[in-house]
Amino acid sequence: MPRRKDIQSILVIGSGPIVIGQACEFDYSGSQACKALKEEGFKVILVNSNPATIMTDPEIADVTYIEPLNVETLERIIEKERPDALLPTLGGQTALNLTVKLYEEGVLDKYRVKLIGANVDAIKKGEDRELFKKSMEKIGLRCPYSKAVHSVEEALDVAKNIGFPIIIRPAFTLGGTGSAIAYNFEELKILAERGLNASMINEILVEESLIGWKEFEFEVMRDKKDNVVIVCSIENFDPMGVHTGDSITVAPAQTLTDKQYQILRDAAIEIIREIGVETGGSNIQFAVNPEKFEFMVIEMNPRVSRSSALASKATGFPIAKIAAKLAVGYTLDEIPNEITKETPASFEPTLDYVVVKIPRFAFEKFPDAKPTIGTQMKSVGETMAIGRNFKEAFVKAIVGLETGKKFFEGMLTNDENYKSRIEDIKETIAIKLREPNPDRIFYIKDAFKVGLSVDEIYEYSKIDRWFLYNLKELVELEESIPSTLEMIDKETMLYYKQMGITDYLLALKTGVSEEEVREYRKKLGIEATYRLVDTCAAEFEAKTPYYYSTYDEECEYKDTGNKKVIVLGSGPNRIGQGIEFDYCCVHCSLELKKMGYDAIMINSNPETVSTDHDISTRLYFEPLTYEHVMNVIDKEKPEGVILQFGGQTPLKLSLKLRKSGVKILGTSAESIDIAEDREKFRELLEKIGAKQPLSATATNLDEALRIANEIGYPVLVRPSYVLGGRAMNIVYSDDEFIDYAKEAIVVSEGAPILIDKFLQDAIEVDVDALSDGEEVIIAGIMEHIEEAGVHSGDSAAVLPPYSLSDEIVEKIRKHTIDIALALRVVGLVNIQYAVKDGEIYVLEANPRASRTIPFVSKATGIPWAKLATRVIMGEKIKDIGVKEVIKLGYYAVKEVVLPFDKFPEVEPVLGPEMKSTGEVMGIDFSFPLAYAKAEIAAGTNIYNRKSVLLTIDDKDKPKILNLAKELSELGIKIYATKGTNYFLKQNNIESELVFKIGEGRPDLLDHIRNGKIEMVFNTTMNRKSVKDEISIRKLAIRYKIPLITTVPAMYAVVSALKDMRSKELDVNPIQEYHKTLLDS
């Protein structure tokens, strides 16, 4: 059927900032959908608050709003744009929940907006636990015994009938937010309350536990003629009890018989029909009894999901793009398969390879969090690998995680000393296999090494024996590697490589270097071959070059004969290296293609736009290791490799690649070394007359204490050679330094400790610039709202600066130009400064793309990563024709999103170590309103607050005097803890005394629970006093009350509150903001 003629414009709601449970897979799906709708001639109106996405690039949609994702904002946009239809299924749980609210509040009816892709009834039947259960009963499918409840008391009553353990599943949440396993009544009270708070409709399902059953997912698509296809089956390596986002997953399903697969397939088709998803994709999850074949339906997502991105990359079947086309009237048989160009989308994909996804966790950032996993998702990213068999794909996924594992390693048996501790190790293993944790697969290796059988490991872990036998074979293969390289003949080497054995492991076992193994392997005539992901097991020829490596006789690689450039991606998302770097890699690839080069992308992240097969000329889905990157380089023979867009991952390979004769394009390795070597960088700054904070390096604790006292406390300390502020801290005394050193020595593994004078109350500034080696242009100067001491990735930032003088801004600009030229930067550079008492101090320089490049690009309307690509390829800034803009005429504010709600036991404290998972942007002609929008978009809803709790450290009390006066003038009721209350009374400011916990009743907890306190302003001095305030901060997070922990941010909030009283929060597309720049 032809596309719908009754709609001309479509509103697409994005998923907002990257959070645990909802990551950049929705940037991928949203970008795909917007492009598909534009291809069909529809006007696309996009709303998303996340500036780091490709989706919010001005050319992806016709009209792009980077605005808070809430009903009020969406109604303003709908009123202004008058879309004919709303497509709600591509922005994750965020878009789905907002669509239900827009419907229930009558907004869609008021403006006559049609829903396409899914109706509200289908959304509710898929998301409301009780309605879903009734729907399954209607078609004769079993769900676990459960009951929907709306209070803790009801949950306790249900538990008496079900028995423990019990699963708690909140309705309308993402990533299992608020879900948990309770083993007793006391746990149930706490976890039920948390689940009810997490649910949009204050509902949880109290469900019998199927822990230990196997878990399977089916990605299903349906069109309006009721054609249904199964895109992909996915098997969870971990049994039930682990959220699928935190489980290792394998596609296609490995342990089902054909008959069992067909039964689940039929059930999935019945489910999508019963729930009523008219068009598009859904994810359906089943639990299967491992002892005898019986199954139950666990849940369904009536939308494009996290697994949809994985299934799309695993099969080459672009689920989001096809979902968008189905929503506007096409049927599956009318949509061509992009990879084969011959078959329609109604052909179910067939895989002749195995795909393994392994999640990446960030427990090292939250040392107080218990490193265990369960029904609430905690991973921050994932890697995917493709191989001809499970073992090959599994090992590629392990090395692709970039956690330091170079092969299938153990945790306790990596040296021969383990043999004297076998009984102790067995005890530890039993615990680690029973309780799911991120390292459980590595403890399985230990288990085999100390003699446990497959059956024993199965009893501990309930991981299917088929997987365990495969892992056992990997351990046996490793043990078969001889002690000298020459003892490995061609046949054995080929077998090792086909089973996933890495060059690194062969080097380790034979006592040579990885490079020597590589040369020896090539002499034997054994090199990687490349196979196409073709959706049809080679039944039809693939027209899209999307490759994975293996060691087959046949190689499907085709050379175009064009000049080629390889772009190294950023690997799996993690805290400190996220979607921002993928954004830069995508822009680089697109620009290289525009310049006439073959753009070759190497990356291992299934969630991202960079691994969409139509972004680059050729895509290699490979781990970013020396071995796998060099294999591609040998095959492609490029003009060079671009490293500077993928964050630290590619930079770590630069030295080895250079030694192997690979040409690194852009800033030289020597310049990167100068920027990272403290002494060399200090010398460079002295030459150009730029200041740095006092600093020194210590190699032992005594020396460190002496230096700290000479420099003067407080000092900023960190181990050298760490990323994302890992183990960085501010210490205020010798005692704190001694405590800190115990942690730092573990992280640094003997590397020196770096000590800097901490510039207390300094303003931190971030600058991005573009240099061609002769000329430098400033991309953006951003003033941080949080003072120096908070990691730049965790601070709100304003472009242009809102409080710095023109003189200071000009000095920073000049320093940036001088540093970039002295470092001979070719491409992008990011420099961080601190401004204190009118003096400018250089903190660090990174001659690569920074995480702020997407934000600066959205704020200025200039695609800086694309321009940097042109410069890297030899063009000069003067020929590109870009103009520098320091003052925009409006303000853009970047605010971060923190994951403390996922780790309730963690101290919610900001510091020099980065902890945020994502970001949002607020944009407006007024700074206070731009800041207000950013805060609201980040989930800190400061709108219309009527009361605040002030609990302020002594050093900050004088600074908040004017702030308290302004709060009083605004009519906001002030509650204050004892010390702050006394200070305010001395200064004739009215406040009501409130007790801390343990001082008396009613206390803070009572006031927060009773809704009396609507915001919390809290500062602390040092580690000890932070611990005293933890309970206050945890309560604020638990009850979703705005929590502000720095004085500058408090002033920004108050200025926003003032402006919101007198002005409307207006909405404008970013294209209009960019037009004002062009006009001026």
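Which strands does α21 lie across? In this predicted model, helix α21 lies across β17, β18 (546–550), β19 (564–568), β20 (598–603), β21 (618–621) and β22. Relative to β19, the helix runs at about 170°. An angle over 145 degrees counts as roughly antiparallel.

The strands named above belong to an open sheet of 7 strands with mixed pairing. Their order across the sheet is β17-β18-β21-β20-β19-β22-β23. At the edges stand β17 (529–532) and β23 (664–665), each of which pairs on one side only. The pairing of β22 with β23 is parallel and comprises 2 bridges. Within this pair, I642 has L665 of β23 as its bridge partner. The loop between α21 (626–636) and β22 (640–642) contains K637. Phi of K637 is near 50°, a positive value in a residue other than glycine. Most residues other than glycine have a negative phi. With a relative accessibility of 64%, K637 counts as exposed, because the cut-off for exposed is over 50%.

A second lysine with a positive phi is K462, where the angle is about 60° although the residue is not a glycine. K462 is located in the loop between α15 (454–461) and α16 (465–479). Its relative accessibility is 27%, so K462 counts as partly exposed. Partly exposed covers the range between the limit for buried, under 20%, and the limit for exposed, over 50%.

Helix α16, which follows this loop, packs with helix α12 (residues 390–400) at an angle of about 75°. The axes of α12 and α16 are 10 Å apart. The two helices are therefore roughly perpendicular to each other, since that term applies to angles of 65 to 115 degrees. On the α12 side the contact is made by F390, K391, F394 and V395. On the α16 side the residues are W466, F467, N470, L471, E473 and L474. Sorted by class, the contact of α12 with α16 has 7 nonpolar, 1 polar and 2 charged residues.

Helix α5 (residues 120–127) and helix α6 (residues 129–138) form another packed pair, at an angle of about 90° and with their axes 5 Å apart. The angle makes α5 and α6 roughly perpendicular to each other. In this contact, K124, K125, G126 and E127 of α5 meet R129, L131, F132 and S135 of α6. The classes here are 2 nonpolar, 2 polar and 4 charged residues.

Helix α24 (residues 669–676) has A669, S671, I672 and A675 as its buried residues. Viewed down the axis of α24, these residues fall within an arc of 160°, so they line one face of the helix. The elements against which they pack are α22 (648–651), α23 (654–659), α25 (678–688) and β32 (839–846). The partners of this buried set thus include both helices and a strand.

Strand β25 (residues 715–719) is mostly covered, with 5 of its 5 residues buried. V715, V717 and P719 point one way from the strand, whereas L716 and R718 point the other way. In a regular strand the side chains alternate between the two faces of the sheet. The residues pointing either way from β25 are all buried. β25 pairs with strand β26 (residues 729–731) in the antiparallel sense over 3 bridges, and V717 has N729 of β26 as its bridge partner. The pairing of β25 with strand β27 (residues 753–757) is also antiparallel and comprises 5 bridges. In β27, the partner of V715 is K757.

Two cis peptide bonds can be described alongside these elements. One joins F164 and P165, with omega about -5°. P165 lies in the loop between α7 (152–162) and β7 (166–170). Another joins A251 and P252, with omega about -10°. P252 is found in the loop between β12 (249–251) and α9 (258–275). Most peptide bonds are trans.

Definitions and conventions
Residues are numbered from 1 along each chain as its sequence is written. This is a predicted model: local features need pLDDT of at least 70, side-chain atom pairs count only at pLDDT 80 or more; totals for chains, interfaces and linings use all residues. Side-chain values use heavy atoms; hydrogens and water are left out. Buried means under 20% relative accessible area, exposed over 50%, partly exposed in between (1.4 Å probe, protein chains only). Helices (H or I, at least four residues) and strands (E, at least two) are DSSP runs, numbered from the N terminus. The arc is that of the directions from the helix axis to the C-beta atoms. Contact means heavy atoms within 4.5 Å. Axes are lines fitted to C-alpha atoms, for helices over the stretch in contact, and angles run from 0 to 180 degrees between N-to-C directions. Angles under 35 degrees count as roughly parallel, over 145 as roughly antiparallel, 65 to 115 as roughly perpendicular and the rest as oblique. Ala, Val, Leu, Ile, Met, Phe, Trp, Tyr, Cys and Pro count as nonpolar, Asp, Glu, Lys and Arg as charged, and the others, Gly among them, as polar. Two strands pair if DSSP finds at least two bridges between them.
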